[in-house]
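Look at the chain below and follow the text from one region to the next.

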Amino acid sequence: MKLKPTLLLFSFVFFISCKERFIYSESTSDFTANQWMKDDVKSFEFDNQTAQNYHLSLNISHVYDYQFDRIPLGVGITYPEGKTEVVFFDLILKDAQGKDLGDCLGDICDLEQTFKTNFPLRKGKYTFTVFHKFGHPYVPNISNLGITIEKSN
């Protein structure tokens, strides 16, 4: 019977430690008819209080069995001093066998992909702008897009 309190304590400590790793997470679901238009640049602001290394990830929700296997993206990182760096990468939606990489429940899949690892951020205000380089006027079947920042271990 002593196992239950120990297990409960371990679960609580694990939950608290995981929550402390994530220091920022913001998303938007501002997509008309689930279409992310080419000129619709999404912006997120983050005021960093602790200078250290972080993992930067992009989160996206899309319709299950997406018709494309990747979406070419760009993320602009504007530093506190005003300098901007742009990171280009492909958001990979399916594996080589065509299986969705996201966590799918019903008709919606949630996917997180890290685009910067062990990345040093100084104290100050950062702006992240996310845009796509898709070969069409819009990316279809997108319902949510966000940025997550977590502490590096």
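This is a predicted model. A starting point is Asp90, which is partly exposed, with a relative accessibility of 32%. Its side chain forms a salt bridge with Arg70, and the closest N and O atoms of the two are 3.4 Å apart. This pair connects distant parts of the chain: Asp90 belongs to strand S6 and Arg70 to strand S5, with their positions 20 residues apart.

Arg70 also meets the side chain of Asp69 in a salt bridge, at 3.8 Å from N to O. Arg70 counts as partly exposed at 38% relative accessibility, and Asp69 is likewise partly exposed at 38%. In total, the structure holds 8 salt bridges.

Another of these bridges joins Lys42 and Asp40, where the closest N and O atoms are 2.8 Å apart. How buried or exposed are the two partners? Lys42 has a relative accessible area of 6% and is therefore buried, the cut-off being under 20%. Asp40, at 22% relative accessibility, counts as partly exposed. Asp30 belongs here as well, since a network of salt bridges links Asp30, Asp40 and Lys42.

Asp30 leads on to Thr28. A polar atom of the Thr28 side chain lies 3.2 Å from the backbone nitrogen of Asp30. Thr28 itself is found in strand S1, which covers residues 22-28. When neighbours within four places in sequence are left aside, Thr28 is in contact with Lys42, Phe44, Ser143, Asn144 and Leu145. Lys42 thus appears again, here as a contact of Thr28 and earlier as a partner of Asp40.

Phe44 points the way to the next region, as Phe44 is also among the residues touched by Ile147. Not counting residues up to four places away in sequence, Ile147 touches Tyr24, Ser25, Glu26, Phe44, Ser57, Leu58, Asn59, Phe115, Phe128 and Val130.

Where does Ile147 fit in the interior? Ile147 is part of the largest nonpolar core, which has 32 residues. The residues with the most contacts inside this core are Leu56, Leu58, Ile71, Ile77, Phe115, Phe128 and Ile147. Several strands each supply at least two residues of the core: S3 (42-48), S4 (52-63), S5 (70-78), S6 (84-92), S8 (108-121), S9 (124-132) and S11 (142-151). Strands S5 and S6, which hold Arg70 and Asp90, are therefore among the strands that contribute to this core.

Conventions: Residues numbered from 1 in each chain as written. Predicted model: local features only at pLDDT ≥ 70, side-chain atom pairs only at ≥ 80, totals over all residues. Heavy atoms only, no water. Core = buried A, V, L, I, M, F, W, Y, C linked by side-chain atoms within 4.5 Å. Buried < 20%, exposed > 50% of the residue type's maximum accessible area, 1.4 Å probe, protein only. Helix = DSSP H or I, 4+ residues; strand = E, 2+ residues; numbered from the N terminus. Contact = heavy atoms within 4.5 Å. Polar contact = N/O pair within 3.5 Å; in protein donor to acceptor, adjacent residues only side chain to side chain. Salt bridge = Lys/Arg side-chain N within 4 Å of Asp/Glu carboxyl O.
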